[in-house]
Amino acid sequence: MHAAVRSAGVATWPVYAALTLTALLWSSNFVIGRAVRGDVTPVTLNFLRWVLALAVLLPFTVRDLRAHRATLLRHWKLLALLGLTGIAAFQTLCYVALNTTTALNTILLLSLAPLAIVLASWLAHRERVTRRQGAGLAISLAGAAVLVARGDLATFAGLRLAAGDLWMLVAVALWAIYSLLVRRRPPELPPLALHTCSVATGTLWMLPAFAWQAAGGVALPTAAGAWAAVAFIAVFSSAIAHALWVWGVATIGPNRAGVFIHLLPLFGAVLAVAFLGEVVAPFHVAGAALVLSGVFLAGRQ
């Protein structure tokens with residue numbers, strides 16, 4: 001953890017703001033991904049988003065990539081694993097899940113990611129969870145459950161695991177592994193350079209699947225709206241959001257950063273009100289209060 005973060009609590013607020021923005025941008029990614037599922041396959045959508053994201057990132061990172069090329073070559077295995085888990089596999093499986101299960105189940109299972117990160121941290125590093133972090137995780141998870149269930153906990157009694165739910169569980173596990181791998185960033189390597197290389201290796205991992213689909217006659221999207229969606233996801237939900245996540249995890253650790261994933265259901269509700277015309281209900285207010293309280297509690301030193 002950076003000395004500045006340890007020595008002054010105020011230094012954590014830029015990190016919290018960045019992780020909050022990350023949650024907002026990732027929420028929009030799920031909303032858009034659900035909207036264009038009929039126009040583009042999961043593999044094609046994920047491949048295109050990261051190819052475009054790489055084109056956005058390279059002009060900002062090429063100098064650091066050249067300056068640290070020896071370090072990058074020395075840690076090529078780490079870069080390959082980051083690209084496989086967090087770039088290629090995780091989001092592709094999320095898009096697959098959105099095609100084969102309900103949005104309710106998908107958001108609920110994604111809310112398990114912070115708990116998966118804590119468990120993975122304990123298994124890999126025996127990292128201790130403080131009482132405050134544990135309480136914050138529990139409170140924010142409860143808030144996420146209230147939002148997902150729309151205030152009626154009886155909703156969970158009717159949940160059934162479909163194939164998409166199982167894919168989402170695998171995606172959550174991969175995200176926990178990715179978040180732990182981010183912590184292994186060599187201290188001399190800037191986070192954005194690490195992210196850029198992860199995107200590059202991730203696109204290489206996806207290239208065979210994309211080529212196989214293209215050979216099978218799966219065409220690129222033709223609708224202008226689908227391309228606009230891909231461009232938005234590439235710039236904001238991919239290049240910017242993931243870079244902020246890498247910086248946040250590298251600065252305050254995966255356990256504290258992972259709690260911010262519980263903001264996804266909150267922002268999902270906000271986006272639904274803003275773009276789908278849904279009405280704000282009391283459960284929105286209650287769930288938001290629990291999520292924000294839990295994030296604040298777990299994020300404190």
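This report looks at three helix packings and two enclosed cavities in the structure above. The model is a predicted one, so please read every value here as computed from predicted coordinates.

**Helix 2 as a packing partner**

Let us start with helix 2, which spans residues 12–35 and packs against helix 11, residues 224–252. The axes of helix 2 and helix 11 lie 8 Å apart, at an angle of about 145 degrees. Their crossing is left-handed. In the contact of helix 2 with helix 11 there are 19 nonpolar residues and 8 polar ones, with no charged residue taking part.

Helix 2 also meets helix 5, and here the axes come within 9 Å and cross at roughly 50 degrees. Angles from 35 up to 65 degrees fall outside the parallel and perpendicular classes, and helix 2 and helix 5 are therefore oblique to each other. The crossing of helix 2 with helix 5 is right-handed. On the helix 2 side the contact is made by Asn-29, Phe-30, Gly-33 and Arg-34, while helix 5 brings Gln-91, Cys-94, Tyr-95 and Leu-98. By class, the contact of helix 2 with helix 5 holds 4 nonpolar, 3 polar and 1 charged residues.

**Helix 9 against helix 11**

Helix 11 has a packing with helix 9 (residues 163–182) as well, where the axes come within 9 Å and cross at roughly 60 degrees. Helix 9 and helix 11 are therefore oblique to each other, and helix 9 passes helix 11 in a right-handed crossing. Trp-175, Tyr-178, Ser-179 and Val-182 of helix 9 touch His-242, Trp-245, Val-246, Val-249 and Ala-250 of helix 11. That contact counts 7 nonpolar and 2 polar residues, and no charged ones.

**Two cavities**

Now for the empty space inside. How many cavities of 30 Å³ or more does a search of the whole structure find? There are 2, and the table sets them out.

| Cavity | Volume | Lining by class |
|---|---|---|
| Largest | about 80 Å³ | 7 nonpolar, 3 polar, no charged residues |
| Second largest | about 40 Å³ | 6 nonpolar, 3 polar, 1 charged residues |

Around the largest cavity sit Trp-26, Asn-29, Phe-30, Phe-90, Gln-91, Leu-110, Trp-175, His-242, Ile-261 and Leu-264. Helix 2 and helix 5 (76–100) each supply at least two residues of this lining. Which helix gives the most to the lining of the largest cavity? It is helix 2, with 3 residues.

Several of these names will be familiar from the packings. Asn-29, Phe-30 and Gln-91 belong to the contact of helix 2 with helix 5, and they also line the largest cavity. Likewise, Trp-175 and His-242 take part in the contact of helix 9 with helix 11 and appear in the lining of the largest cavity too.

The second largest cavity is lined by Gly-33, Val-36, Arg-37, Val-40, Thr-41, Pro-42, Leu-45, Tyr-95, Leu-98 and Asn-99. Helix 3 (42–67) and helix 5 each provide at least two of its lining residues, and helix 5 gives the most, with 3 residues. Among the residues of the lining of the second largest cavity, Gly-33, Tyr-95 and Leu-98 are also part of the contact of helix 2 with helix 5.

Technical notes: Residues are numbered from 1 along each chain as its sequence is written. This is a predicted model: local features need pLDDT of at least 70, side-chain atom pairs count only at pLDDT 80 or more; totals for chains, interfaces and linings use all residues. Side-chain values use heavy atoms; hydrogens and water are left out. Axes are lines fitted to C-alpha atoms, for helices over the stretch in contact, and angles run from 0 to 180 degrees between N-to-C directions. Helices (H or I, at least four residues) and strands (E, at least two) are DSSP runs, numbered from the N terminus. A crossing is left-handed if the near helix is turned anticlockwise from the far one by less than a right angle, and right-handed if clockwise. Ala, Val, Leu, Ile, Met, Phe, Trp, Tyr, Cys and Pro count as nonpolar, Asp, Glu, Lys and Arg as charged, and the others, Gly among them, as polar. Angles under 35 degrees count as roughly parallel, over 145 as roughly antiparallel, 65 to 115 as roughly perpendicular and the rest as oblique. Contact means heavy atoms within 4.5 Å. On a 1 Å grid over the protein atoms alone, a cavity is a set of points where a 1.4 Å probe fits but cannot get out, and a pocket is an open set with protein on both sides within 12 Å along at least five of seven lines; lining residues have an atom within 4 Å of a point. Grid points are joined across faces, edges and corners, and a volume is the space filled by probe spheres set on the points.
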